[in-house]
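User: I would like to learn how to read the architecture of a protein model, feature by feature. Could you take me through one?

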Number of protein chains: 2
Amino acid sequence: MSYWKAAQPGDPVVAIDTPALVLDLDAFERNLQRMADALRGRNVRLRAHAKSHKCPEIALRQVALGAVGICCQKVGEAAVFVEAGIGDILVTNQVMGDAKLRRLAPLARKARIGVLADHPQQVQALAAAAQAHAVTLDVYAEVNVGANRCGVAPGDEAVQLARQIAGSAGLRFAGLQCYHGPAQHLRSPQQRAAAIKEAIAAARMTRDAIEACGIAVERVTGAGTGTFLHERDSGVFNELQAGSYIFLDRDYGDNERGEGDVPFEHALFVRTTVMSRATPQRAIVDAGLKASSVDSGMPAVWQRPDLRYVKAADEHGVLATADAAAVSLGDVLMLVPGHCDPTVNLYDELVCVRGDSVEALWPVAARGALL
Amino acid sequence: MSYWKAAQPGDPVVAIDTPALVLDLDAFERNLQRMADALRGRNVRLRAHAKSHKCPEIALRQVALGAVGICCQKVGEAAVFVEAGIGDILVTNQVMGDAKLRRLAPLARKARIGVLADHPQQVQALAAAAQAHAVTLDVYAEVNVGANRCGVAPGDEAVQLARQIAGSAGLRFAGLQCYHGPAQHLRSPQQRAAAIKEAIAAARMTRDAIEACGIAVERVTGAGTGTFLHERDSGVFNELQAGSYIFLDRDYGDNERGEGDVPFEHALFVRTTVMSRATPQRAIVDAGLKASSVDSGMPAVWQRPDLRYVKAADEHGVLATADAAAVSLGDVLMLVPGHCDPTVNLYDELVCVRGDSVEALWPVAARGALL
């Protein structure tokens, strides 16, 4: 439709219209490199989570730096990344319904495709779809290692599910999905370590129980940006699914950093303009909750400790400031989004900047891929 | 990109893939009619707020039933609606920056275009843009009538601003924007009535003060779905900006209904599938916070008082249920979104259903129009 892009490659940064989603390429590339360095020489590979970025340009850079491929949450996302040339994709989710399975299975002709199961019905449906399309799907048993969302219980339930997968024509039992989401944002390093210690124990016990039945557990996969060093060093996990490390949102930035933690830096920003300054105590910016998702709290105002983003409406953000002179009508500010994943999902492109210039626009090609 | 639509016109409703944004056309049309009935024969016109739907098909139906046009929040939205043939558009927002003004002003060649101001700098910039493009812009002084967001103080400040607008070449002083957002969701009818009573008093005083200076105040515009009957009956407001009435989200549904309030009904739903049922106490659906915005709280499960949507992750919703047999893997449920506006903004189209059939797909043409 007839609306415009916030900038074009070659534009000076100061000319970027607002609100816009800005990627600081230098910071982003440092984050990519930090993750590659953290995994170099370890017996653990990265399968970067693409639900954070939904952007093939980013996935290709992650693979170029050593990632085996990506994971994503939706069949529609997987289709976008297959089309972009990513050869190894794990849908870290249960895929229910014929409409989705009809679309998932053919992707396995162009890429290695994995998917999760936590119920016998899902395994039956996946096997039927794989056979109908003459493909093989990698299926992982999802184990509840503490997140209390999806996943069978560790131990016997997982053994039964693994047996069923391993015995199903068209399916390859690929291993265990052991992701502990809530642990990622526990604020203290000690809390995160304790939660993942339990997850590792549950994963190890389950892996050993399955292998005791003569079924190989090739992969134990999971982890996120908040905890991946623990899984890396576990001796149990051999694949990591961190995604947010490339951007580092405000919520991750609020985690207390433990000794040895990787110093990822904020690389994703919402550029915004002060659009109303009707009273000295209040400044209103043009980025509200349709520009920066508030599910994990308000954005932070980058490098402006004197300003606090206190309230979001659809298209307005309210800043509080004690100092009436701190901000003027028309000032441009950078926000650090509270949660990167749903914020990226609000935009059609990332405005990629280096220094003072716009270097590229990268399409958020899988934005809105809900199916 | 290569992902799919949730349905096609003519499909049975049961075949709609999930998550999908579903519009119940019968309920939607009843809501449209209820609003038209509520304003018939009154000296108050409707300028429907299109930020809720971002959908030309809906705007055209609102105008066909008597709305003078629409309001919206962004220049990019206005452009979409001008292109769709809407002839009278008010951007209920301050528009800052040359990039935006260069795009706003030319729209006034094809439609009547209004915009707000709450600062002398904005009026100067609007006048310069209007003159540069040889157009006339309707400018409304935004008055803070209780929302404490944008807007000058009632009385003298507004008089000064009106004088400046009225004296600016290229601008027409069109009246006052007096919207009280927070009042819309005060739960009791008495609270809403009290808040709007104050807003009406502030609007009346300000209007009278401006007219005492010999400047006509053609319009006093504002109101939303939660309070519009008060503004309708005020004798001060002569234009209403309700938007959510067409959909009625969970947050509006939670308002206690006062005597005489219009019985709008839920018409917008997120269709979702139970994708994991790994334990008896928990069911996981495939609609998370990328499918139903949680800024105004969790969605409700439609016509299922036994099920509660308790937690949203990116692509997962956690349902709690006391009864293990209440819901099965693969069951399809309908969610009533917590907040319609940002939920609609997550989708590329509305799947419009009537009875058991999909009747149409309506593009959310202004989705993501942030500039």
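Analyst: What follows goes through a barrel, the relation between the copies, a helix pair and a database annotation, bearing in mind that this is a predicted model.

User: Which strands make up the closed barrel of chain B, and in which sense do they pair?

Analyst: The closed barrel has 8 strands, in the order β2-β3-β4-β5-β6-β7-β8-β9 of chain B, with parallel pairing. As one instance, β6 (residues 137-142) and β7 (residues 171-177) of chain B are paired in parallel over 6 bridges, and Y140(B) has G175(B) in β7(B) as its bridge partner.

User: What turn lays chain A on chain B?

Analyst: A turn of 180 degrees, with a shift of 0.0 Å along the axis, lays chain A on chain B with an RMSD of 0.0 Å, so the two copies are related as by a two-fold rotation axis. In chain A, D295(A) has the C-alpha nearest that axis, at 3.1 Å. Both copies use the same surface, since 100% of the contact residues of chain A recur in chain B.

User: At what angle do the axes of α5 and α6 of chain A cross?

Analyst: The axes of α5 (residues 120-132) and α6 (residues 156-166) of chain A cross at roughly 15 degrees and come within 10 Å. Angles under 35 degrees count as roughly parallel, which means that α5(A) is roughly parallel to α6(A). The crossing is right-handed, and P120(A), V123(A) and Q124(A) of α5(A) make the contact with L161(A), Q164(A) and I165(A) of α6(A).

User: Which residues of chain A does the UniProt domain annotation cover?

Analyst: The unreviewed UniProt entry annotates residues 267-354 of chain A as "domain: D-serine dehydratase-like". Over residues 267-354 of chain A, the chain is 6% helix and 43% strand, with the end C-alpha atoms 11 Å apart.

Terms used. Residues numbered from 1 in each chain as written. Chains lettered and ligands numbered in written order. Predicted model: local features only at pLDDT ≥ 70, side-chain atom pairs only at ≥ 80, totals over all residues. Heavy atoms only, no water. Pairing = 2+ DSSP bridges. Helix = DSSP H or I, 4+ residues; strand = E, 2+ residues; numbered from the N terminus. Least-squares fit on C-alpha atoms with pLDDT ≥ 70 in both. Contact = heavy atoms within 4.5 Å. UniProt positions renumbered as here; feature names shortened; annotations may be inferred. Axes fitted to C-alpha atoms, helices over the stretch in contact; angles between N-to-C directions. Parallel < 35°, antiparallel > 145°, perpendicular 65-115°, else oblique. Left-handed = near helix turned anticlockwise from the far one by under 90°.
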